[in-house]
Amino acid sequence: MTDDRFMRIHDPELLARGERVLGVEFTAMHERVLRVTELTSRLNVLPFDDAAGKAELLAQILGGPPPANVTIYPPFYTDHGLGLDLAERVFVNQGCTFLDYAGIRLGERVMVGPKATFITMGHPVDPDERRRFLGGAPIDVAENVWIGAGATILPGVSIGRDAVVAAGTVVADDVPAASLVAGPKGTVRRRW
């Protein structure tokens, strides 16, 4: 597999000799995941009113402070942090997960309901390649979008300006601007 969207998990030369040694890129990602998991664990046990503690940990998780008017309610989960780009006035409710290695952008005034999940990485479907590669694509959420509680946004999805993703929706395809998508397949139900 040579597609640039895929990351080898193991070093290909060593794997050819029968040695299962993790590749350099995968190892770096894995080390970052361990570090960010430790930081989010600490964030998620802080008292809710410890604004300074939350700000310090979020800056470490995200690689810098988020805009001053971004609101993130813990518990908050991310596996990488450095791929999460938050614009002005973003609101993230409790229990959200951002698997952001391939990049997630939330535009201005995006609201994210509780327990929403954004996933940018996964494994190939082919069983022979599943344990050898990770694949992914960024997620782009335009301005003034509302992501309902428990929605799941999958790799490579773009969500257009002013769209609404209903609670519990699984979004595997792009969402047009000014539309409501709902249901297990993220079907457009209404446009304005």
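The largest pocket holds about 240 Å³ of space. A pocket here is an open set of points on a 1 Å grid over the protein atoms alone, with protein on both sides within 12 Å along at least five of seven lines, and lining residues have an atom within 4 Å of a point. The volume is the space filled by probe spheres set on the points, which are joined across faces, edges and corners. Helix α3 (51-62) gives the most to this lining, with four residues.

A quick word on the model: it is predicted, so local features need pLDDT of at least 70 and side-chain atom pairs count only at pLDDT 80 or more, while totals for chains, interfaces and linings use all residues. Residues are numbered from 1 along each chain as its sequence is written, and side-chain values use heavy atoms, leaving out hydrogens and water.

Now for the charged pairs. The count comes to seven salt bridges, each one a side-chain nitrogen of Lys or Arg within 4 Å of a carboxyl oxygen of Asp or Glu. Here are three of them:

| Acid | Base | Closest N and O atoms |
|---|---|---|
| Glu-38 | Arg-42 | 3.2 Å |
| Asp-140 | Arg-105 | 2.4 Å |
| Glu-143 | Arg-161 | 3.7 Å |

Glu-38 and Arg-42 both sit in helix α2 (residues 24-43), four residues apart, or about one turn of the helix. Glu-38 is partly exposed at 32% relative accessibility, a class that lies between buried (under 20% relative accessible area) and exposed (over 50%), using a 1.4 Å probe and protein chains only. Arg-105, Asp-140, Glu-143, Arg-161 and Asp-162 are linked in a network of salt bridges.

Definitions and conventions. 1 Å grid on protein atoms, 1.4 Å probe; cavity = no way out; pocket = protein on both sides within 12 Å on 5 of 7 lines; lining within 4 Å. Helix = DSSP H or I, 4+ residues; strand = E, 2+ residues; numbered from the N terminus.
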